[in-house]
Amino acid sequence: MKLGVCYYPEHWPETIWADDARRMAEAGLSQVRIGEFAWSRIESEPGRFDWGWLDRAIDTLHAAGLEVILGTPTATPPKWLVDTMPDMVAIDAQGRPRGFGSRRHYCFSHLGYRAEAVRITRAVAERYGQHPAVVAWQTDNEYGCHDTVLSFSAAALAGFRRWLADRYTTIAALNAAWGNVFWSMEYRSFDEVDLPNLTVTEANPAHWLAFRRYSSDQVVAFNRAQVAVLRELSPGRDVVHNYMGFFTEFDHHAVAADLDVVGWDSYPLGFLDTFRFSPADKLAYARQGHPDIAAFHHDLYRGCTPTGRWSVLEQQPGPVNWSRHNPAPLPGMVRLWTLEAMAHGAELVSYFRWRQFPQAQEQHHAGLLRPDNEPAPGLAEARQAADDIAALGAVGAAPRQVALVFAYDADWITDIQPQGAGLSALWAAFDCYSALRRMGLSIDIVPPTTSLEGYALVVLPCLPVVPPALVEQLRTFPGQVVIGPRSGSRDVDFAIPPELPPGPLQALFPGKVVRVESLPPGLVHPGQGWEISHWREDLESSSQVELSADDGTPALFKHGNLRYLTAWPEPDLAREVLGRAAEDAGLILHALPEGLRLRRAGQRIYAFNYAAQPAKLPDTVTGTLRLGGRHLPPAGVAVLEE
Ligand code: GAL
């Protein structure tokens, strides 16, 4: 695995670039990611290009032996462009244009802007497509960041109507598929369909789902247009994009189909503080990040391309600036995060950013260097990680243990019609993932179309739309299968299937969900060390009840190698259910102390201590130590070889 850094030469005097490059190489960094926000410096007026500074910046990095990942600057269209094309900006759900003065102020549906994005991509790729330093291209930056996938613009409306006409052919078919007879919502032509915002109460969920699918398709098309130019002008270089954490607004599997390497931006402390973790976890892991945040995304994004190639394109190197609270990492965590990415098979970890910038929006965001050019604590940890990586050598392939099936439309469906506050397919997936990782298992998060061959256990935490091909695969799958609530509960147009949930899975599992209920906080059915909470289904089934709450309410049904879970997979219940299935699957489970996590790859077991106190490896973890010891300090890493 290589180490790299995100660098903005345009922020610094040219006189220090060579020294920066030298210090990067000395720190053990070999790739530098540049250019993704530099449009106003590349083309300061329409058609007036200034390549001189970028030529010199790339040449300076190259001269120091560094490789370059060059970003297309399309996340930051300059002011002159917005002024010449004012309707290119996204429109929010309240109908307000999104202003200039930060970034990502464009609408994915605007074909004029898409053409501009292709034009600037072509200009940059013509200039640097064959440059020996340029080894990869990054398209744009963090599609969807700052809530920018959905736009309620005139361009989106026109595009949506065309998309609907393509998909449904006749308006009668659309009316029937959406159930528009309900509340007299029937249309006479595609031109009558509006976007689903600004309705009196919620719009038809089928309308929303179609708009989510349409909007996701625009991200795919926007990205694809740039990729085509890069492939033409810079063949043989990788094309990457940097995905975000806990973000599902577009179909990442579909965008990844056009990429060589899926990148993502790992900010474990920011994510812990921002997202739905318990107050206890937010405190216990304030300086480390919850132990499963980074790993979950490593395993999710590795599953996005058939080749499994992925990278961390931005790694938090110290405190960030954008969450409500922004603590500094525990000493050792920057190294730990880096080595955990390696254990999951990353090709690159690139720290964001080289030097903290004393102006504009991210003044308090740490870099590897302080604004006064002195080393920040992250720099020494990056150096340490580089030495560890060199000492450890190549990482072997991970065994196929657990496949956790996730689809982006699952999260759209649970978001559009949650039925119970806060219950989303993404978080069901995360809680199941976390439960499995606490047992020391290695997990692949895969789309429903992936081959399940070789896995011991398959988990569908919450998969409302079950494609027929998945049913066929499961029919002959010899391992254990766990099916979570709401699976098979909708067709592609958001209707409950005529045979009732779990819909097509009834071909494999003899059960029918006849009623669902969501449970407010505190309304629970306690079991032995777990509880039924949040969500419950009444399942009519001839299968065996395997697990019931103390009051007799069933939670888990079993039929052959299939289990159906009729309650929300809250962490304790997920652990109970997945533990049973993993044992039946013949997997070796480890009882790990709080905060300790394992990753198996090749002949090695990598251990990471996310706890703020020391942790000891359980006796079930065996092998010769290659790094660290069996007693891991806080932020400690150990590697054992069998
Ligand atoms: C990312 C983004 C970077 C920078 C960083 C700060 O979301 O891609 O450009 O803003 O966050 O943490």
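## Disulfides

Let's start with the cysteines. A disulfide is a covalent bond between the sulfur atoms of two cysteines. A search of the whole structure, counting a pair of cysteine sulfur atoms within 2.5 Å as a disulfide, turns up 0 of them. This is a predicted model, where local features need pLDDT of at least 70 and side-chain atom pairs count only at pLDDT 80 or more, while totals for chains, interfaces and linings use all residues. Residues are numbered from 1 along each chain as its sequence is written, and side-chain values use heavy atoms, with hydrogens and water left out.

Why is C145 without a bond to C6? The sulfur of C6 is the closest cysteine sulfur to that of C145, but at 14 Å it is too far for a bond. C145 is also buried, at 10% relative accessibility (buried means under 20% relative accessible area, exposed over 50%, partly exposed in between, using a 1.4 Å probe and protein chains only). C462 is in no disulfide either, and its nearest cysteine sulfur, in C432, sits 9.3 Å away. With a relative accessible area of 3%, C462 is buried.

## The ligand and its neighbours

Which residues surround the ligand? They are F37, R103, N141, E142, D265, Y267, E314, W322, F352, E362 and H365, where being near means having a heavy atom within 4 Å. This shell splits into 4 nonpolar, 2 polar and 5 charged residues. In this sorting, Ala, Val, Leu, Ile, Met, Phe, Trp, Tyr, Cys and Pro are nonpolar, Asp, Glu, Lys and Arg are charged, and the others, Gly among them, are polar.

Some of these neighbours make polar contacts, meaning a pair of N or O atoms within 3.5 Å (within protein, one must be able to donate a hydrogen and the other to accept it, and residues adjacent in sequence count only if both atoms are side-chain atoms). A polar side-chain atom of H365 is 2.7 Å from a ligand oxygen. For E314, the distance from a side-chain N or O atom to a ligand oxygen is 2.8 Å, and for Y267 it is 3.4 Å. On its own the ligand exposes 310 Å², and the protein buries 95% of that (areas come from the Shrake-Rupley method with a 1.4 Å probe; for residues, only the protein chains shown count as cover).

## The chain as a whole

The chain has 18 helices and 27 strands, which are DSSP runs numbered from the N terminus (helices are H or I with at least four residues, strands E with at least two). Its radius of gyration is 25 Å, close to the 26 Å that the globule rule gives for 642 residues, so the chain is as compact as a globular protein of that length. That radius is taken over C-alpha atoms, and the rule is 2.2 Å times the number of residues to the power 0.38.

Of the 642 residues, 60% count as buried. Helix α12 (residues 293-302) is mostly covered, with 10 of its 10 residues buried; F296 and Y301 are among them.

## Odd spots in the loops

Now for the backbone. The peptide bond from F352 to R353 is cis, with omega near 10°, and R353 sits in the loop between β10 and α14. Another cis bond runs from P501 to P502, with omega near 0°.

W183 is not a glycine, yet has a positive phi of about 60°. F246, also not a glycine, has a positive phi of about 50°. Are these two buried or exposed? W183 is exposed at 60% relative accessibility, whereas F246 is buried at 8%.
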